[in-house]
Amino acid sequence: MDNSQIADMFSRMAMLLEFKGEDPFKVKAYNNAARNIKRLDEELFHMYGKGNIEDINGIGKALEDKIIQMLEKGTFKAYEKVAEEIPEGIMEIMDIPGIGPKQARLFYEKLGISSVDGLVKAAGEHRIRKLPRMGPKQEENILRSAIRYQQHNSRGRHTIAFAMKMAEEIREALCSAEFIENVVIAGSLRRKKETVGDIDLIAVSSDPEKVVSFFTGMEKVEDVLVTGTHKASIIYSCNTMGSINIDLRVIDGHFLGSMLQYLTGSKEHNIHLRKLALLKGYSLSEYGFTDQGTDKSVSCKREEDVYRLLGLEYIPAEIREDLGEIEASQSGNLPALVKKEDIRGDLHIHSNWSDGTVGIENIVQAAVQRGYEYIAITDHSPSTVIANGLSEKRLFEHVNEIRCIQEEYDNIRILSGTECDILADGKLDYSNGVLEELDIVIAAVHAGQNLNREKMTRRIVAALENEHVDILAHPTGRKFGRRAAYDLDVDKIFAVAKDNEKALEINSSPWRLDLNDINAKKAKENGLKIAINTDAHTIEHFDNIGFGIDVARRGWLGPDDIINCMGMKELCTWLGIHK
DNA sequence: GCCGTTTTCGGCCCGACTGTTTTCAGTCG
C-alpha cells in the first residue's frame, strides 16, 4: 500500500468511529495521522525499513502497529472489525454536506437508512421530520443536499486559474456596492493551492446584513446554503464551467487582520498558532487575542499584527501548512521566497514550427514586453508527430531563423532549444550530434506513459544521464482530471538529476503544475536546481508563469534555487554556452 | 489515540449558523 491508500484507510476508520460515537479525540487522532501521512515526502514502506515510522508527528505506538499491518496485509484488524458492523453506504451519507455522524446514526438506528438513495426516499416520504430534533426544514435541507450529492458525486475541485478568475469576478461585483469598503481573497486560494474546493472571501463593511443580502442576491447565485448576519455561503454559477461554492464573511475593518489570518488557514497552521497563543496566556480567534486572565481582548487590523503579537516573523500565506514554517519563523529561518520580479526569462516555449500558435518573432516581442532577459524556443522533436515535431532538417532551419531574428534584437537573448522526447527505451529523439548544436535541451516524456515503476524510472534516468540534457520537463506527467502521475521512483530521479547537474521543471500550466509543491520542496532539500517554465503554446500562456511561481513559493524555493532567476551570463555558464 | 516549557495523566482551537428548542446539539471551516 502506498501512503495515500494508508491515509485513506485511517480517514475511513475515523469516520466509522465517529459514527459509532467513539471518543472524539480518538477520531481526531486518526484524522490527524491521515493528514500527516498524506503530506509525507517519503513512502512509509521505506520508513518501515529504516524503523522510523514512529518519528512521524501524530503517530504513536498503536498507529504505527496499524500502519505495519497495512504494509504487510493491506488492512488492519481494528478496521476490519468496525467495518463489519457498519454498512458501506453510511460513509457516503456522512459525506453529504450538512450531515454528520450523529444524524447518520439517527437515520440508521431509527429508520434503517444505509444509503444515499434510501435517505432521499425517506426524506421524500416525510419520515425524517418525525425524528427527534428534526423538522420540516431540516428534512427539506437534507433532501436538497442529498440530491445535489447524487448529481455531483465527485467532490468538485477547481484549478487555481479558474478559481482565481471567478474570485476576481465576484470580488469586482461586490466592490461595486457603495456599502462595501473592501473585499479580500482568503482560504486555500490565497495560499495558492494547486486546486481549490471553494472560494473564501472577506468583505469589510459597517453594514454586514446589507452585504449578505447583496451577496446572496447576485444574479448568478444558484443556491444559498447558509445565511447569517455576518456570513453567507452560496453556490455560484460559472455558466458552461459548472458551479463553485463561495463563502463570505463580513466584518468591521478593525478585525480584518485576524479574520484574514484565520480564513487563510490552513487549519493545521491555525491550530498550531492558537496553541502557541494559549502558551502565552491568550486565546486566539478570528477576532483577535483575548487575555485568559483579564478577559481583555486585542483585535488586529493588519495580519502582520497577529504574527508579531505571537513573537513570530510574518509568514507568507503560501507556506502556511504547518510543515515547519512556524518553527522556522520562531528561529528567524524563514526562506526568502521567489517573487515574480526575480524571474528573468522563460525556458520552455513552443512556436508555430511545432504546435504553438505564433511565430518566433511574435514570441520574442512578447518576451521583451515582459522585460525578460532571455527566452528559449523549445519546439517538439519528430516522435511527437501529433504536435508537428521537427525533423533534424527542420530543426536546423529553425535554429537558423532564431539566429536571424536574434540579429535584430540586442536586448534579449534567444536560446535555440528543443523539447526532446524521451523514447520508451530511454534514448532521446535526436542524436547527440544534433543535440550538441543546440543552446538548451529539455527532455520530456510524451508517449508511452503506462510503463511500470521500474521501466519508467530507468527511462528517465537514462535521459538524465545524457550529457546534452539540461532540464527535465513536467517530471511526473500528472494532469488534473486527466492523468495521474507516472509510477516513478522520485528519490532515484532526484539523486540522478543531482549527480548529473540537471534542473527539474516546475511546469506552470494550471493543468500540470508539475513538479508539485511537495516535490519542489523535496527537490530543494536535495540540493537540486529548478526551472519555472510556462510551456507556452500561445502568447497568453506567458502569464501562466505566476502559477509556477506559486508552486515554487509553496515549495519554499528562493531565487537561488531557480535557474531562470540567474542573469544571462550565469545562465549561459550553467548551460555550458560559451558564446 | 497522541502528547509533554504544570511530562505518564488529563488535556486536545474557536466561533458562526441552523433548526430545533425554550437553552442547545450538530455541523462546518
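**Group meeting talk: helix pairs, a DNA strand and some unusual backbone spots**

Let's start with helix H1, residues 3-20, which packs against helix H5, residues 77-85, at an angle of about 50 degrees, and the two axes are 10 Å apart. That angle makes H1 oblique to H5. Before I go on, please keep in mind that what you have in front of you is a predicted model.

You may wonder what those two values are for. Two packed helices are described by the angle between their axes and the distance between the axes. I will give both values for each pair I talk about.

Staying with our opening pair, the crossing of H1 and H5 is left-handed. Which residues of H1 and H5 meet? From H1 we have Met9, Arg12, Met13, Leu16, Leu17 and Lys20, and on the H5 side they find Ala78, Tyr79, Val82, Ala83 and Glu85. If you sort the residues of this contact by class, you get eight nonpolar and three charged ones, with no polar residues.

Now please turn to H2 and H4. Helix H2 covers residues 24-38 and helix H4 covers residues 61-73. Their axes lie 12 Å apart, and the packing angle is about 60 degrees. H2 and H4 are therefore oblique to each other. Is their crossing left-handed or right-handed? For H2 and H4, it is right-handed. The residues that meet here are Ala29, Tyr30, Ala33 and Ile37 from H2, with Leu63, Lys66 and Ile67 from H4. By class, that contact holds six nonpolar residues and one charged residue, and no polar ones.

Let's move along the chain to a third pair. Helix H17, residues 360-369, packs with helix H18, residues 392-408. Here the angle is about 45 degrees and the axes are 10 Å apart, so H17 and H18 are oblique to each other. Their crossing is right-handed. Ile360, Glu361 and Val364 are the H17 residues in this contact, and they meet His398, Glu401, Ile402, Ile405 and Glu408 of H18. Sorted by class, the contact has four nonpolar, one polar and three charged residues.

Next comes the DNA. How many residues surround DNA strand B? There are 47 of them, and the closest are Gly60, Arg133, Gly135, Thr227 and Arg274. By class, this surface has 18 nonpolar, 15 polar and 14 charged residues.

What part of the DNA does the protein have beside it? Of the strand B atoms within 4 Å of the protein, 74% belong to sugar or phosphate, and the rest belong to bases.

Let me show you some individual contacts with phosphate oxygens of strand B. Glycine 60, which we just met among the closest residues, has a backbone N or O atom 2.7 Å from a phosphate oxygen. Glutamine 138 also brings a backbone N or O atom, at 3.4 Å from a phosphate oxygen. With lysine 28, an N or O atom of the side chain is 3.3 Å from a phosphate oxygen. Several elements give two or more residues to the surface near strand B, and H2 and H4 from our second pair are among them. The others are helix H7 (101-111), helix H9 (136-151), strand E5 (221-227), helix H14 (267-279) and strand E8 (282-285).

To finish, let's look at the backbone itself. Where do we find cis peptide bonds? One joins glycine 265 and serine 266, with omega about -5 degrees. Serine 266 sits in the loop between helix H13 (256-264) and H14. Another joins aspartate 514 and leucine 515, with omega about 5 degrees. Leucine 515 belongs to the loop between strand E16 (503-507) and helix H22 (517-525).

We also have residues with a positive phi that are not glycines. Lysine 192 has a phi of about 65 degrees, and its place is in the loop between helix H11 (187-190) and strand E3 (195-196). For aspartate 295, phi is near 70 degrees. You can find aspartate 295 in the loop between strand E9 (288-291) and strand E10 (297-298).

That's my tour, and thanks for listening!

Note on methods. Residues numbered from 1 in each chain as written. Chains lettered and ligands numbered in written order. Predicted model: local features only at pLDDT ≥ 70, side-chain atom pairs only at ≥ 80, totals over all residues. Heavy atoms only, no water. Axes fitted to C-alpha atoms, helices over the stretch in contact; angles between N-to-C directions. Helix = DSSP H or I, 4+ residues; strand = E, 2+ residues; numbered from the N terminus. Parallel < 35°, antiparallel > 145°, perpendicular 65-115°, else oblique. Left-handed = near helix turned anticlockwise from the far one by under 90°. Contact = heavy atoms within 4.5 Å. Nonpolar A, V, L, I, M, F, W, Y, C, P; charged D, E, K, R; others polar. Near = heavy atom within 4 Å. Polar contact = N/O pair within 3.5 Å; in protein donor to acceptor, adjacent residues only side chain to side chain.
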